[in-house]
Amino acid sequence: MTKRIAIPLLIGLLCSGAQAAGSGIKPSADALHAEDGLLDTSRHHVRGFSLWLGETVNNWFGDRPFEDGGKVTHGRLGLRTLWRQDNGWDTGVRFRARFELPNLKDRAYLFIGRQNERELVTDQSETFTREQQLLLERRRDDQTGFAGLGVALRKNLDFRVGVRGSLKAYAQARYRKQWALSDADRIEFRETVFWTTRDKFGSTTSLDYEHAFNPRLSLHWNNSATISQITDDFAWGSALGLFRSFGDDRMLSGELLVTGETGKRENIGEYGARMKWVQPVYRDWLIGEFLVGHFWPQREERERERSWAAGVNLEMRF
């Protein structure tokens, strides 16, 4: 379902944008209406499906109607197109949403989606996802659908259990805490302890630092490390970059990043630089990300290579 909606959404958006840019002529009212119809209808269908699902699951747990405090939050449908010099072209679809269900009281929620399986289980931060690192994904091996229930135990602590592709179970306990060191400096700590039948127990630790030079320009230093019983080695990453806001969800960033894993012949698996521009491409709910990067990956026993990469991500918020 997600691909049937997302792919026409991307085609319609790119075609309409290319026609307008190439002709230099302001689109007619009929053309604008047709574009509005495609994009708005796509969002309406995704939102409607999510509300129907929330209402259906809510009814499993009691008689309190979904309209009595139920809502869909963090709804995202994303479509990615990527080119990488060392691997070629790739496309992918991601979907996620969170549901507040009246019959599960105030602290419990439902979540569903589709994303990278490893990142889902380990609760990897966005900075080090394959999507943001401009890395290709094998759909059968990397992507998975998932669903589960979460409980907010305290303000900074929640517990989640769920299933992913082929009904494989997993569980997570997640803790998050922020500290304001000064008016300009902030630290955020995140710890996720997870369990799966394959990895047994493991954990992901993230520590992020942010310094605001002014309200629009800031320095970010993000760090993450993951370990599990099956590996006994740390998969780690670090990224340092400048972020410049231009208001209205418009952001330009440039980052240096490095990732690797202890216990390998080369502890540093890849390092490089990426630049990203983010802006709304339609109203305030269709967001475009445009990325370009240059990386030096280490492939098995070969010499370290270099590779250019570029990507376009469209994310529809609903």
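## Strand 5 and its surroundings

Strand 5 (residues 157-164) shows two faces: Asp 158, Arg 160, Gly 162 and Arg 164 are on the covered one, while Leu 157, Phe 159, Val 161 and Val 163 are on the uncovered one. Strands here are DSSP E runs of at least two residues and helices are H or I runs of at least four, numbered from the N terminus. That split fits a general pattern: in a regular strand the side chains alternate between the two faces of the sheet.

A word on the model before going further. It is a predicted one, where local features need pLDDT of at least 70, side-chain atom pairs count only at pLDDT 80 or more, and totals for chains, interfaces and linings use all residues. Numbering starts from 1 along each chain as its sequence is written, and side-chain values use heavy atoms, with hydrogens and water left out.

Which strands pair with strand 5? On one side there's strand 4 (residues 143-154), antiparallel to strand 5 over 8 bridges; on the other pairing, 8 bridges join strand 5 to strand 6 (residues 168-180), again antiparallel. Pairing here means that DSSP finds at least two bridges between the strands. Val 163 takes part in both pairings: Ala 147 stands opposite Val 163, and Ala 169 in strand 6 is also a bridge partner of Val 163. Strands 4 and 5 make a hairpin with 2 residues between them, and strands 5 and 6 make a hairpin with 3.

The turn of that second hairpin holds Ser 166, which has a positive phi of about 60 degrees although it isn't a glycine. Ser 166 counts as exposed, at 73% relative accessibility. (Buried means under 20% relative accessible area, exposed over 50%, partly exposed in between, with a 1.4 Å probe and protein chains only.) Arg 283 does something similar, with a positive phi near 50 degrees, in the loop between strand 12 and strand 13 (286-297). Most residues other than glycine have a negative phi.

Moving on to strand 7 (residues 185-196), this is where confidence is highest, at a mean pLDDT of 98. Thr 196 is found in strand 7 and is buried, with a relative accessible area of 0%. Leaving aside neighbours within four places in sequence, Thr 196 is in contact (heavy atoms within 4.5 Å) with Val 121, Arg 164, Ala 169 and Tyr 170.

Salt bridges are worth a look too: the count comes to 25, taking a side-chain nitrogen of Lys or Arg within 4 Å of a carboxyl oxygen of Asp or Glu. Three of them are set out here.

| Acid | Base | N to O distance |
|---|---|---|
| Asp 199 | Arg 118 | 2.8 Å |
| Asp 208 | Arg 190 | 2.8 Å |
| Glu 315 | Arg 317 | 3.8 Å |

Asp 199, in the loop between strand 7 and strand 8 (200-214), and Arg 118, in helix 3 (residues 117-122), are 81 residues apart. Asp 199 is buried at 3% relative accessibility, whereas Arg 118 is partly exposed at 35%. Asp 208 and Arg 190 are both buried, and the pair links strand 8 to strand 7 across 18 residues of chain. These two also belong to a network of salt bridges with Arg 186, Glu 188 and Glu 210. Glu 315 and Arg 317 are each partly exposed, at 24% and 26%.

What about the nonpolar cores? A core is a set of buried Ala, Val, Leu, Ile, Met, Phe, Trp, Tyr and Cys residues joined through side-chain atoms within 4.5 Å. The largest has 22 residues, and those with the most contacts inside it are Leu 77, Phe 95, Phe 99, Leu 101 and Phe 318. Helix 2 (29-60), strand 1 (71-84), strand 2 (88-100) and strand 3 (108-116) each give two or more residues to this core. Apart from it lies another core of 9 residues, including Leu 136 and Leu 291. Among the contacts of Phe 318 beyond its sequence neighbours are Val 46, Val 72, Leu 77 and Phe 95.

Overall, the protein has 4 helices and 14 strands, and buried residues make up 41% of its 318 residues. Mean pLDDT (the predictor's confidence in each residue, from 0 to 100) is 87, and 88% of residues reach 70 or more. Helix 1 (residues 2-23) has the lowest confidence, at a mean of 42. Over residues 1-27 the pLDDT is below 50, though this stretch has 30 contacts in the model beyond near neighbours in sequence. Where pLDDT is low, the predicted coordinates should not be read in detail.
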